[in-house]
Amino acid sequence: MLYIGIDLGTSSCKLLLVDEEGRVLNSVSREYPLYFPRPGWSEQEPEDWFAAVCGGIPELLRGFDASGLDGIGVAGQMHGLVCLDSRGQVVRPAILWNDGRTSAEVDYLNGAVGRQTLSQHTANIAFAGFTAPKLLWLRNNEPENFSRIEKIMLPKDYINYRLTGVHACEPSDASGTLLYDVERRCWSRPMLELCGVSEAQMPRLFESGEVIGSVLPELAERLGLPQGVKVVAGAGDNAAAAIGTGTVGRGKCNISLGTSGTIFISSDTFCRDPGNALHAFAHADGGWHLMSCMLSAASCNKWWMENILNSSDYQGEQRRIDAGRLGRNNVFFLPYLMGERNPINDTDARGTFIGLNMGNRREDMLLAVLEGVAFAIRDSLEIARAAGNSISRSTICGGGSRSRLWTRIIANVTKLSLEVPSTEQGPGYGAAILAMSGCGLGSVRELSGRFVRTSGVIEPEEELTGLYDERYARFSKIYPACRELFKALA
């Protein structure tokens, strides 16, 4: 039998074809536009996502017997607000996870409503990217559009809706809405009332590997699929990446180095960060997890390479960096190009180079970018460790993890042994595993443990960890020194 895992990312949709033995048979990627209508805003057209899925599936199955397709799982970018009207049409472009327009709403929620109240109802406080502040922004700034809302969903749920006609969600993605009671795994009625929406407008909740329906007959015929292909609820991209990297059960860790950067720590029991600097979310394996998300990770490298150097030779530029410069670079970079979420929760924060002198060259700047992302990852890791999480090993996935230099830097900055999974497509592979589970091949944890393999391990090096400890201590002083300046510049 065959299974499709779909990773609905920020810049592209990636589709994987996997067999019942967990082997990746084919992959396809389809890009779509990202719109920035105002500084700090980030939007996409949901129809572009669905067009990418519909264009990608036939290409993915070309040369294979489509009659063997049994199930589809979708993972997707989290937090995005998708609203449908009474005719099932999209009300406005989706407001994405990295959109920073909701600072006033975040201040209202964390201030007037109160962090303690939010944490009590949802296990989290408000961050600009979350869905609830977006709903408040829509009510405050586009009341006509707000009044037209019949259904509210997240990006991957829109794909599932178009595939099956079912309005569904699941715990891992719902956790990032600030409308969901993470500990009790249900919608939070107090938060829905606060945002002026009803439970009837929210999706029905399923478990991540649970079948929500089948591909609609007319769509199956159009895409060349057999009738009755099952679709599971899927997962948020980070939870799916955790499934796809074996980060299931108690005490496992995964670092995702994609457009955003995340640290994901799995748990069998509900837990939360006492200071709410990290997110406490439900996991797609039936448990829970702590998560940190930095808004700009591999996208910092992409910005530096393509916007500043006008180059796409990523490997060539990194080869210019002398290995002897690791841990000794005098240039620092704050990776806050879109503001920042965890752990500082500051939409006004911005990217900053500091420490430049006349002797610096382009490779010093690039090294500072790679190191700055690594230092920001360590910021959240230090909070997780202070909360009692003993972490010495982690898997690493995402496009940035294909750089051996970058993974070496991260291993030494964080002092983690980094395991590289054999299959790079973490979210898509995790979505395929969820589809297999929904089709009866085993539990999510069993399948993840059976299929995920490691291709190599990058170990921290004693000399470099010492050098990077000194550098991190200096890096840690830069944002506090710039915080008020960022606010003034905003």
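A residue counts as buried when its relative accessible area is under 20%, as exposed when that area is over 50%, and as partly exposed in between. With that scale in hand, and keeping in mind that this is a predicted model, the tour can begin with charged pairs and then turn to packed helices.

Select arginine 361 and glutamate 363 to begin, where a salt bridge joins the two side chains with their closest N and O atoms 3.5 Å apart. Colouring by accessibility separates the partners, because glutamate 363, at 11%, falls in the buried class, whereas arginine 361, at 55%, is exposed.

Move next to arginine 362 and select glutamate 317 with it, since these side chains also form a salt bridge, with an N to O distance of 2.8 Å. This pair connects distant parts of the chain, 45 residues apart, with glutamate 317 lying in helix α11 (residues 314-319) and arginine 362 in helix α12 (residues 362-386). Here the acidic partner is buried at 9% relative accessible area, while arginine 362 is partly exposed at 33%.

For another link between distant parts of the chain, select arginine 30 and glutamate 59, whose side chains meet in a salt bridge at 3.1 Å, N to O. The two are 29 residues apart, arginine 30 in strand β3 (residues 24-31) and glutamate 59 in helix α1 (residues 46-61). Arginine 30 is partly exposed at 30%, and glutamate 59 is partly exposed at 29%.

To see a salt-bridge network, select Glu43, Arg92, Asp99, Arg101 and Glu142 together, as these residues are linked in one. The structure holds 33 salt bridges.

Now display helix α9 (residues 237-244) with helix α14 (residues 426-438), whose axes lie 6 Å apart at an angle of about 75°. That angle makes the two helices roughly perpendicular. The residues to show as sticks include Ala240, Ala241 and Ile243 of α9 and Pro427, Tyr429 and Ile433 of α14. By class, this contact comprises seven nonpolar, three polar and one charged residues.

Keep α14 on screen and add helix α15 (residues 444-451), noting that the two axes come within 9 Å and cross at roughly 130°. The pair is therefore oblique, and α14 passes α15 in a right-handed crossing. Which residues should be selected in α14 and α15 to view their contact? Choose Tyr429, Ile433, Leu434, Met436 and Ser437 in α14, together with Val444, Leu447, Ser448 and Phe451 in α15. This contact contains seven nonpolar and two polar residues, with no charged ones.

Note on methods. Residues numbered from 1 in each chain as written. Predicted model: local features only at pLDDT ≥ 70, side-chain atom pairs only at ≥ 80, totals over all residues. Heavy atoms only, no water. Axes fitted to C-alpha atoms, helices over the stretch in contact; angles between N-to-C directions. Helix = DSSP H or I, 4+ residues; strand = E, 2+ residues; numbered from the N terminus. Parallel < 35°, antiparallel > 145°, perpendicular 65-115°, else oblique. Contact = heavy atoms within 4.5 Å. Nonpolar A, V, L, I, M, F, W, Y, C, P; charged D, E, K, R; others polar. Left-handed = near helix turned anticlockwise from the far one by under 90°. Salt bridge = Lys/Arg side-chain N within 4 Å of Asp/Glu carboxyl O. Buried < 20%, exposed > 50% of the residue type's maximum accessible area, 1.4 Å probe, protein only.
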